[in-house]
Amino acid sequence: MLIMLATFAYFVSVGALQPTLPRFIEGPLGGDDVAVGVGIAGFSLSAVLMRPFVGRISDAYGRRILIVSGGLLVGVSTLGLVWASSLPWLIFLRFMSGVGEAAFYVGAATIINDLAPDERRGEALSYFSLALFGGLAAGPIFGELMLERFGYDAAWHVATWTAVFAALLAVRLPDTRP
């Protein structure tokens, strides 16, 4: 249950940036459509490139360290958006968030697989995906509410603190490294 709550909180963080970040790039940063694409893609690119490496770290050092460090890295790099005043800085922060995402996701997906009994792994992964997509569904709502009522910094803070909350929850997870 703890891993599900951590996963939900983490993906609320990711989801909160989906509707707000493109508007920030086009608005305050003055970027065009290409800048939005690069700013959004940086996260995915670094996440995809880092996953094989963090998988090896997971096997060598455990899953919990990835979930905790990934959530914290996403939280810190998202908090950096408060001070982002240029597109290169934002892209750097998004690349760092992608590294954190790779760590969190690989750690969380692996610990789900480790904790589930062999005969219930499919069921466990389906619940994991509910937490993941539930967070991605709720996150944009929170991000938009904060942006509309309080501005970009509030949206960044929601994304920051939900990622940090996920990392703090993960501290209590068992380490399931074989």
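Helices here are DSSP runs of H or I with at least four residues, numbered from the N terminus. The model is predicted.

**Exercise 1. The ends of helix α2**

Determine which side-chain contact marks the start of α2, and which residue follows the helix.

Solution.
1. Helix α2 comprises residues 33–61.
2. At its start, a side-chain oxygen of D32 comes to within 3.2 Å of the backbone nitrogen of V34.
3. After the helix comes G62, which has a positive phi, near 115°.

**Exercise 2. Length and bend of α2**

Compare the expected span of α2 with the distance between its end C-alpha atoms, and locate the kink in the helix.

Solution.
1. The expected span is 1.5 Å times one less than the number of residues.
2. With 29 residues, α2 should therefore span 42 Å.
3. The end C-alpha atoms are 41 Å apart, which agrees with the expectation.
4. A kink of about 45° is found at R51, shortly before the proline P52.

**Exercise 3. The buried residues of α2**

Identify buried residues of α2 and state which helices contribute to covering them.

Solution.
1. A residue counts as buried when its relative accessible area is under 20%.
2. In α2 the buried residues include A35, V36, G39, G42 and F43, and S46, A47, V54 and S58 are likewise buried.
3. An α-helix has 3.6 residues a turn, so residues three or four places apart point the same way.
4. The cover over the buried residues of α2 includes α1 (2–26), α3 (64–79) and α4 (87–115).

**Exercise 4. A salt bridge from the kink residue**

Establish which parts of the chain the salt bridge between R51 and E101 ties together, and whether each partner is buried or partly exposed.

Solution.
1. The side chains of R51 and E101 form a salt bridge with an N to O distance of 2.6 Å.
2. Because R51 belongs to helix α2 and E101 to helix α4, the pair ties together parts 50 residues apart in sequence.
3. R51 is partly exposed, at 29% relative accessible area, whereas E101 is buried, at 5%.

**Exercise 5. Further salt bridges**

State how many salt bridges the model contains, and describe the pairs D59 with R63 and D118 with R121.

Solution.
1. The count, taking a side-chain nitrogen of Lys or Arg within 4 Å of a carboxyl oxygen of Asp or Glu, is six salt bridges.
2. In the pair D59 and R63, the closest N and O atoms are 3.3 Å apart; D59 is exposed at 52%, while R63 is buried at 4%.
3. In the pair D118 and R121, the corresponding distance is 3.0 Å; D118 is exposed at 59%, and R121 is partly exposed at 31%.
4. Salt bridges with shared partners join D59, R63 and D114 into one network.

Conventions: Residues numbered from 1 in each chain as written. Predicted model: local features only at pLDDT ≥ 70, side-chain atom pairs only at ≥ 80, totals over all residues. Heavy atoms only, no water. Helix = DSSP H or I, 4+ residues; strand = E, 2+ residues; numbered from the N terminus. Bend = angle between axes of the 7 residues up to and from the residue. Buried < 20%, exposed > 50% of the residue type's maximum accessible area, 1.4 Å probe, protein only. Contact = heavy atoms within 4.5 Å. Polar contact = N/O pair within 3.5 Å; in protein donor to acceptor, adjacent residues only side chain to side chain.
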